[in-house]
Amino acid sequence: MPLPPRAETLSPVSDGQRWGEMSHHLLPVLLNNVFDGVLVVDERARVVVFNPAAEKITGLLAGRVLGRSIQSLGEFSALVKRIYGDGRPLTGELFLPEVPALTVKRVPVALGDGRTGLLITFQLAERSNKPEQKNPDLRRRGLTARYSFNDIVGESAVMAETICQARKYTRSDAAILITGESGTGKELFAQSIHNESGRRHGPFVAVNCAALPESLLESELFGYEEGAFTGAKKGGKRGLFVLASGGSIFLDEIGDLSPALQARLLRVLQQKEVLPVGGQRVIPVDVRVISATNRNLSEAVERGEFRMDLYYRLNVLHLHIPSLRQRLEDLPLLFKHFFHRLTEAEGIAGWPVPDRVLDELKNYPWPGNVRELEGFVERYVALGEEEPRKFTTFRGLLQKLQQKRRGAAAADQQVLVLQLGRMEEMERQIIEQVMEMVGGGKGELARLLGYSRTTLWKKLKKYGCGGAAKQ
């Protein structure tokens, strides 16, 4: 039998030479024929590759982009800047809900001759594997999670540890209780967990338990049958638990649930089924429950304001989000994130704020956390900087916050004067005097008195303290 012809062997040198020659000719062919937009920038953020798909998606011609830095592309480059983002690699996939909706990936690359750069690929959302794109109805109805862990801004050790713990929770379907002060980003973490979990292809439904009256919240959560009450829609209505089946439901401010709704929620968690208001037939649901609160639920359990059995059902996995004052090193990074986002969105030329000035943000405790900082940046951008060298506007706004904080602290230390009498009468005096100190603000009043919002409303109604407190 004749032997087969011997295969040609290539030396490492000749093999490398041939591959180099092939890749030199193949690279333009590949870039010109892939569906993904390809953007490559060097270490100075200058564009070195911008393929035809990138031209088509962004509407920018390569000739206007190549060789220029991301920040100098002009008024038509807002989308390119969003794709470039902060110039850092992404460990996952970033979803940009702009028109056209895009998904983006960023990977560090070596450009040769010791140079480094960033390879960015992006594609139209209909070509992506984004969960809400696989089910367009979810996005149309708003039953999706927009954010992922890549959207969480922070490089401090405590934030890195929190993100690491949250990522571990994506492997499980167990209930999660997220705690932390108002404005720390609890829903951002809830959405990120959903989008990285096995339920990412299902719906994400969020509801604020403190925003609705008890009767309305019950029908929203569990649904109702036709004729269940006056004004009920013909054919009834599916509740949020049913809508979230196959995905996740986020119950914000869970500590404000009334005792009756706590009992109903416990049954859902135990039995995995929902009984609509006025209904006779239970509906099975497959939902992961992620709840959040800025209250100390263990103390609420001790006071008898929150069911112990429900607390343990919700608190299978616990995630605490640190306050902004616990990660002050993230302040400059967060400021820059909000600042660039706002200036790009409004199409105005930003003015750089040096790190030495941004460090002054650390002199304020930020009781409103990230939400308060975002509002501060919005005011700063809206007013503009009067003296870019002295940053008068920046420092003036910060000084006002500090003065307001000192005034609030002084109010906290004011002395209450009570007339001895029955306990209920003295409680009424306390509520009225504290209400006057805080100007009737419901949230601050509840915080100072240590009441839940539900308990506060009951007390106000009971004692007739100035009608209803302000929101």
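Two strands count as paired if DSSP finds at least two bridges between them. In this predicted model, strand S1 (residues 37-42) and strand S2 (residues 47-50) meet that rule, with 3 bridges in the antiparallel sense. Val41 has Val47 of S2 opposite it. The two strands make a hairpin, and 4 residues lie between them. Within that turn, Ala45 has a positive phi of about 65 degrees.

A second antiparallel pair joins strand S4 (residues 102-112) to strand S5 (residues 115-124). Here 10 bridges are found. Val107 has Leu119 in S5 as its bridge partner. This hairpin has 2 residues between the strands. Asp113 takes a positive phi there, near 55 degrees. In a regular strand, side chains alternate between the two faces of the sheet.

Confidence varies along the chain. The mean pLDDT of the protein is 81. A value of 70 or more is reached by 80% of the residues. Over residues 1-17 the pLDDT stays under 50. For that stretch the model has 3 contacts beyond four places in sequence. Residues 127-134 also have pLDDT below 50. Beyond near neighbours in sequence, that stretch has 20 contacts in the model.

Charged side chains were examined next. The whole structure holds 20 salt bridges. One of them joins Glu218 and Arg264, at 2.9 Å from N to O. This pair links distant parts of the chain, 46 residues apart. Glu218 belongs to helix H8 (residues 214-222), and Arg264 to helix H10 (residues 259-271). Glu218 has a relative accessibility of 24%, so it counts as partly exposed. Arg264 is partly exposed as well, because its relative accessible area is 22%.

Helix H8 contributes to another salt bridge, through Glu220. The side chain of Glu220 meets that of Lys237 at 2.7 Å, N to O. Lys237 lies in the loop between H8 and helix H9 (240-243), so the pair ties together parts that are 17 residues apart in sequence. Glu220 is partly exposed, at 21% relative accessibility. Lys237 is partly exposed too, at 30%.

A further salt bridge connects Glu305 and Arg303, with 3.3 Å from N to O. Glu305 has a relative accessible area of 23% and is therefore partly exposed. The value for Arg303 is 42%, which also makes Arg303 partly exposed. Both residues belong to a network of salt bridges that also includes Arg295 and Glu299.

Glu427 gives a buried example of an acidic side chain. The residue is found in helix H17 (residues 423-438). Its relative accessibility is 17%, so Glu427 counts as buried; the limit for that class is under 20%. Neighbours within four places in sequence aside, Glu427 contacts Tyr451, Lys459 and Tyr463.

Aromatic rings were considered as pairs. The count comes to 11 aromatic pairs. The ring centres of Phe222 and Phe241 are 5.9 Å apart, and their planes stand at 5 degrees, so this pair is stacked. Phe222 sits in helix H8 and Phe241 in helix H9, 19 residues apart. Both Phe222 and Phe241 are buried.

Tyr380 and Phe394 form an edge-to-face pair. The centres are 5.6 Å apart, with 80 degrees between the planes. Tyr380 lies in helix H15 and Phe394 in helix H16 (residues 392-412), 14 residues apart. Tyr380 and Phe394 are both buried. Ring pairs place these two in a cluster with Phe335, Phe339, Tyr364, Trp366 and Phe376.

Helix H15 itself covers residues 369-383. At 1.5 Å a residue, its 15 residues should span 21 Å. The end C-alpha atoms are 22 Å apart, which agrees with that expectation. Among the buried residues of H15 are Asn369, Val370, Glu372, Leu373 and Gly375. Phe376, Val377, Tyr380 and Val381 are buried as well. In an α-helix there are 3.6 residues a turn, so residues three or four places apart point the same way. Gly384 follows H15, with a positive phi near 80 degrees.

Key:
Residues numbered from 1 in each chain as written. Heavy atoms only, no water. Expected span 1.5 Å × (residues − 1). Buried < 20%, exposed > 50% of the residue type's maximum accessible area, 1.4 Å probe, protein only. Salt bridge = Lys/Arg side-chain N within 4 Å of Asp/Glu carboxyl O. Contact = heavy atoms within 4.5 Å. pLDDT = per-residue confidence, 0-100. Phe/Tyr/Trp six-rings, centres within 6.5 Å; stacked < 30°, edge-to-face > 60°.
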